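Student: Can we go through this one together? I'd like to hear what stands behind each label.

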Amino acid sequence: MTFCEYRPGLEGVPVTQSSISFVDGKNGILEYRGINIEELARLSTFVETAYLLIWGALPTADELEEFQHEIQSHRRLKYRIRDMMKCFPESGHPMDALQACAAALGLFYSRRALDDPTYIRAAVVRLMAKIPTMVAAFQLMRKGNDPVQPRDDLSYAANFLYMLNEREPDPLAAQIFDICLTLHAEHTINASTFSSMVTASTLTDPYGVVASAVGTLAGPLHGGANEEVIMMLEEIGTVENVEPYLDNCLEKKSKIMGFGHRVYKVKDPRATILQSLAEQLFEKFGRDEYYDIAVAMEKAVAERLGHKGIYPNVDFYSGLVYRKLGIPTDLFTPVFAIARTSGWLAHWKEQLNENRIFRPTQIYTGNHAQSYIPIEKRQSSQDESCWS
Ligand code: CMC
């Protein structure tokens with residue numbers, strides 16, 4: 001087979017066969033294992049959805065209880081991981097801390113038995129259990145406080161908010177956070193999932209797989225956009241400033257954060273659900289000062305860029321929900337990682353089932369048959385400004 005056309009960003013190029021999730025970008029449909037995301041957001045829980053993604057079918061009551069129990073029993077961190085975290089600079093980004101911690105788990109659980117279902121199950125449980133604890137622990141430790149121990153009587157979502165804010169969350173807040181996790185759990189072959197698959201295809205350990213995906217998620221064109229959206233709303237400051245801000249972006253050809261998607265050409269269905277979750281929270285706990293700016297921004301962008309299919313993506317309204325839940329802005333992307341760990345693990349398992357190492361090709365644009373030039377005869381090819 002020959003496939004010689006170069007597609008920047010691999011747009012439209014299938015890189016795998018998968019039965020985990022499906023996106024119809026024209027009609028704004030997202031399904032996990034064939035179940036519509038709206039239905040899962042309404043009826044499921046994050047842990048149940050994670051089970052569905054990773055093991056391929058909704059669990060029975062006993063299977064769900066067992067999975068929940070296993071996760072609960074593995075939520076604590078080894079004291080050496082906590083000691084390692086104490087050495088992290090407080091000013092470091094929590095995504096970098098999370099990537100380091102996820103990779104460090106590989107040091108403690110070094111046995112690699114990718115054909116052993118018990119090993120696979122233990123790795124899934126450990127990663128799902130410990131990633132939220134690591135995110136919350138870093139938040140408390142950078143403020144100079146001891147991490148809060150997880151509580152077994154709380155759900156996955158409620159326990160994370162409890163470890164983060166050091167108090168039991170309001171039930172509505174916990175329920176809404178759980179839905180946010182479900183919405184972010186999986187999304188076909190996005191950049192971080194592709195990264196996890198490439199890493200998995202080398203048959204390395206699952207901690208390395210998740211660490212590489214965390215590093216990929218961190219960028220502002222991917223998961224990091226949720227943080228940038230809040231910075232953008234802060235900068236805009238008032239509803240009246242929306243149009244001039246947009247004019248400026250369009251003139252400079254800069255991207256508007258939280259808008260646009262490689263696959264969706266309509267509003268992302270997750271953005272619609274997140275917007276309604278934000279409104280539910282505002283009704284109970286008060287309106288966010290940036291909400292009106294966000295709504296005005298959505299309208300203005302649709303008028304100017306709707307013809308190109310540029311509408312809000314998942315990252316546009318999520319930050320407004322997280323702010324109301326008391327989550328600091330630079331933890332928005334780590335929270336995305338907590339949820340997406342389940343999708344990465346589902347793809348890791350799927351990759352192992354029919355593995356072939358990823359080894360694409362390139363279209364070489366360099367020279368051939370060049371001579372080696374002795375050092376005293378070389379002229380610098382560096383632009384001097386690089387070094388000034
Ligand atoms: N603001 C303004 N114009 C945009 C935007 C945007 N946010 N997104 C795309 N466009 C325009 C782009 O300028 C281009 O126009 P033209 O054809 O006239 O040159 C056209 O739409 C196609 O854009 P592209 O950059 O080729 O699209 P892509 O599929 O390579 O990039 C994207 C997708 C999500 C990286 C991009 O839309 C973007 O940078 N958005 C802002 C960052 C963001 O919100 N990222 C979160 C993505 S969704 C969740 C996630 O992955 O975490």
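Student: What makes lysine 308 a polar contact of the ligand?
Tutor: An N or O atom in the lysine 308 side chain lies 2.7 Å from an oxygen atom of the ligand. A polar contact is a pair of N or O atoms within 3.5 Å; within protein, one must be able to donate a hydrogen and the other to accept it, and residues adjacent in sequence count only if both atoms are side-chain atoms. So 2.7 Å qualifies.

By the way, this is a predicted model, where local features need pLDDT of at least 70, side-chain atom pairs count only at pLDDT 80 or more, and totals for chains, interfaces and linings use all residues. Numbering runs from 1 along each chain as its sequence is written, and side-chain values use heavy atoms, with hydrogens and water left out.

Student: Which backbone atoms contact a nitrogen atom of the ligand?
Tutor: Leucine 221 has a backbone N or O atom 3.0 Å from a ligand nitrogen, and a polar backbone atom of isoleucine 256 sits 2.7 Å from one.

Student: Which residues come nearest to the ligand?
Tutor: His222, Lys255, Ile256, Arg262 and Lys308, out of 20 around it. A residue is counted if one of its heavy atoms lies within 4 Å.

Student: Why is the pair of aspartate 170 and lysine 284 called a salt bridge?
Tutor: The rule wants a side-chain nitrogen of Lys or Arg within 4 Å of a carboxyl oxygen of Asp or Glu. Their N to O distance is 3.1 Å, so the pair passes. Across the interface of domain 1 and domain 2, the rule finds one salt bridge, and there are seven residue pairs in polar contact, both residues at pLDDT 80 or more.

Student: What are the bounds of those domains?
Tutor: Domain 1 is 15-220 + 329-353 and domain 2 is 225-324; such bounds come from an automatic or database domain assignment. Their centres, over C-alpha atoms, are 26 Å apart. The contact (heavy atoms within 4.5 Å) takes 31 residues from domain 1 and 27 from domain 2.

Student: How much area do the two domains bury?
Tutor: About 2400 Å², 70% of it on carbon and sulfur atoms. That is the accessible area (1.4 Å probe) that two parts lose on being put together, summed over both.

Student: How many salt bridges does the structure hold?
Tutor: There are 16. Among them, glutamate 168 and arginine 151 meet at 2.8 Å, N to O.
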